[in-house]
Amino acid sequence: MSASLPTGLITALQSARNVAVLTGAGVSAESGIPTFRDAQSGLWAKYSPEELASPAAFRRNPRLVWEWYAMRRAAVLAAQPNPGHVALAQLEQLVPHFTLITQNVDGLHARAGSRALIELHGNITKVRCSVEGTFCSTWAEGEELPPPCPTCGAPLRPHVVWFGEQLPLDALQQAWIAAEECEVFLSIGTSGLVEPAASLPRVAYSHGATVAVLNLDVNTRSEARLFYLHGRSGEVLPQLVERLMEEQQ
Ligand code: BV8
């Protein structure tokens, strides 16, 4: 039986035809992927993500930035989707119109089966030419790092949105519309510090949606159509889906 999920949230989800979800690093924490707020370890301990995830850092020290992403790429490829990812893929099947907006670049939502997916900040498993913008699926892992683009020789870079870079406008517009049009908006595993993604829950709420925030920062409490749940996404999301499935039977 599911734990103490607020009845008001379950009722809103049951009657919703249009649900949008925003996820952050907390959803992948239970897959062993450190969140941005977790202190970086090992030789990366002396850097903050903001220092490395920027065009200036790449210009200043492309090899260092490339190696940081190569380490993270290997980690996400070795990781597995956790029950939180799977529950969101199941939720997509229970709702007539569902949009999953993620800040995560690890590709785990797609591997868990989510399809209506917007990757606002790109995907670390993809690599592109830093000049032509064309994707590159294989590259020579030789001495020269970052590897040169096979066609023009410019440095390759990860296909992610760095701090100070514009988000892909089509993805951002789709996410904004999903937030405006949804009846329920779930913000899961994000500290809500990075813009413009952090504004999406407010957009949904201001357009009349019921909003729920699930992470380890908040204290569980409810207001009219605003729910704060303190908990782990890998535990709470499967309970939420189980409850909705029970109610649908
Ligand atoms: C933009 C990809 C404008 C890269 C990421 C100065 C100059 C330029 C811009 C700015 C500036 N000052 C401010 C800005 C805006 C800036 C910004 O918001 N900065 C912040 C730091 C203040 N934003 C940008 O730069 C964006 N672009 O504004 O462009 C523009 C306009 C026109 C022309 C040019 C430019 C770009 C932002 C995207 C940056 N890229 N990722 C990479 O991954 O390497 S951001 C990256 O950090 C993630 O994608 C994610 O978005 C963010 C981390 O946040 P969270 O996911 O929330 O993770 P966090 O660790 O913070 O929190 C974890 C949460 O999980 C916690 O709440 C915790 O409680 C919870 N949790 C933990 N475990 C669990 C859990 N919850 C549930 N279950 C658990 N088990």
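User: Why is R72, found in helix α5, called buried?

Analyst: In this predicted model, R72 sits in helix α5. Its relative accessible area is 16%, and buried means under 20%, so R72 counts as buried. Leaving aside neighbours within four places in sequence, R72 is in contact with F36, V105 and I124.

User: What makes Y69 a buried residue as well, and what does Y69 touch?

Analyst: Y69 is also found in helix α5, and its relative accessible area is 2%; because the limit for buried is under 20%, Y69 is placed in that class. Not counting residues up to four places away in sequence, Y69 touches L52, A53, I124, P158, V160 and W162. An unreviewed UniProt entry lists Y69 and R72 under "binding site".

User: How do you know which residues are closest to the ligand, and how many surround it?

Analyst: The ligand is surrounded by 34 residues, and the closest of them are Y69, G164, T190, S191 and D217; to be counted, a residue needs a heavy atom within 4 Å of the ligand. By class, this shell holds 14 nonpolar, 13 polar and seven charged residues. Both α2 (25–29) and α5 (62–78) supply at least two residues of the shell, and α2 gives the most, with three residues.

User: What makes the approaches of S191, H121 and G26 to the ligand polar contacts?

Analyst: A polar contact is a pair of N or O atoms within 3.5 Å, and each of the three distances can be set against that cut-off. A polar side-chain atom of S191 lies 2.6 Å from an oxygen atom of the ligand, an N or O atom in the side chain of H121 is 2.8 Å from a ligand oxygen, and a polar backbone atom of G26 is 3.4 Å from an oxygen atom of the ligand, so the three pairs satisfy the distance criterion. As for cover, the protein takes up 75% of the 1500 Å² of accessible area that the ligand has on its own.

User: Why is N123 called buried, and with which side chain does the side chain of N123 make a polar contact?

Analyst: N123, whose place is in strand β4, has 6% relative accessibility, and this value is under 20%, so N123 counts as buried. The side chain of N123 makes a polar contact with the side chain of E119 at 3.1 Å, which is within the 3.5 Å allowed for such a pair. Neighbours within four places in sequence aside, N123 is in contact with V105, G107, H159 and V160.

User: How do you know that C129, C136, C149 and C152 gather at one spot?

Analyst: The unreviewed UniProt entry lists these four cysteines for "binding site". They span 24 residues in sequence, yet no two of their C-alpha atoms are more than 11.7 Å apart, so they gather at one spot.

User: Why is C136 called buried but C152 partly exposed?

Analyst: C136 lies in the loop between β4 (122–129) and β5 (156–160), and C152 is found in the loop between β4 and β5 too. The relative accessible area of C136 is 12%, which is under 20%, so C136 is buried. For C152 the value is 37%, and because that falls between 20% and 50%, C152 is partly exposed. Leaving aside neighbours within four places in sequence, C136 is in contact with V127, R128, P150 and L156, whereas C152 is in contact with C129 and E132.

Definitions and conventions
Residues are numbered from 1 along each chain as its sequence is written. This is a predicted model: local features need pLDDT of at least 70, side-chain atom pairs count only at pLDDT 80 or more; totals for chains, interfaces and linings use all residues. Side-chain values use heavy atoms; hydrogens and water are left out. UniProt positions are given in the numbering used here, feature names are shortened, and annotations may be inferred rather than shown by experiment. Helices (H or I, at least four residues) and strands (E, at least two) are DSSP runs, numbered from the N terminus. Buried means under 20% relative accessible area, exposed over 50%, partly exposed in between (1.4 Å probe, protein chains only). Contact means heavy atoms within 4.5 Å. A polar contact is a pair of N or O atoms within 3.5 Å; within protein, one must be able to donate a hydrogen and the other to accept it, and residues adjacent in sequence count only if both atoms are side-chain atoms. Accessible areas come from the Shrake-Rupley method with a 1.4 Å probe; for residues, only the protein chains shown count as cover. Ala, Val, Leu, Ile, Met, Phe, Trp, Tyr, Cys and Pro count as nonpolar, Asp, Glu, Lys and Arg as charged, and the others, Gly among them, as polar.
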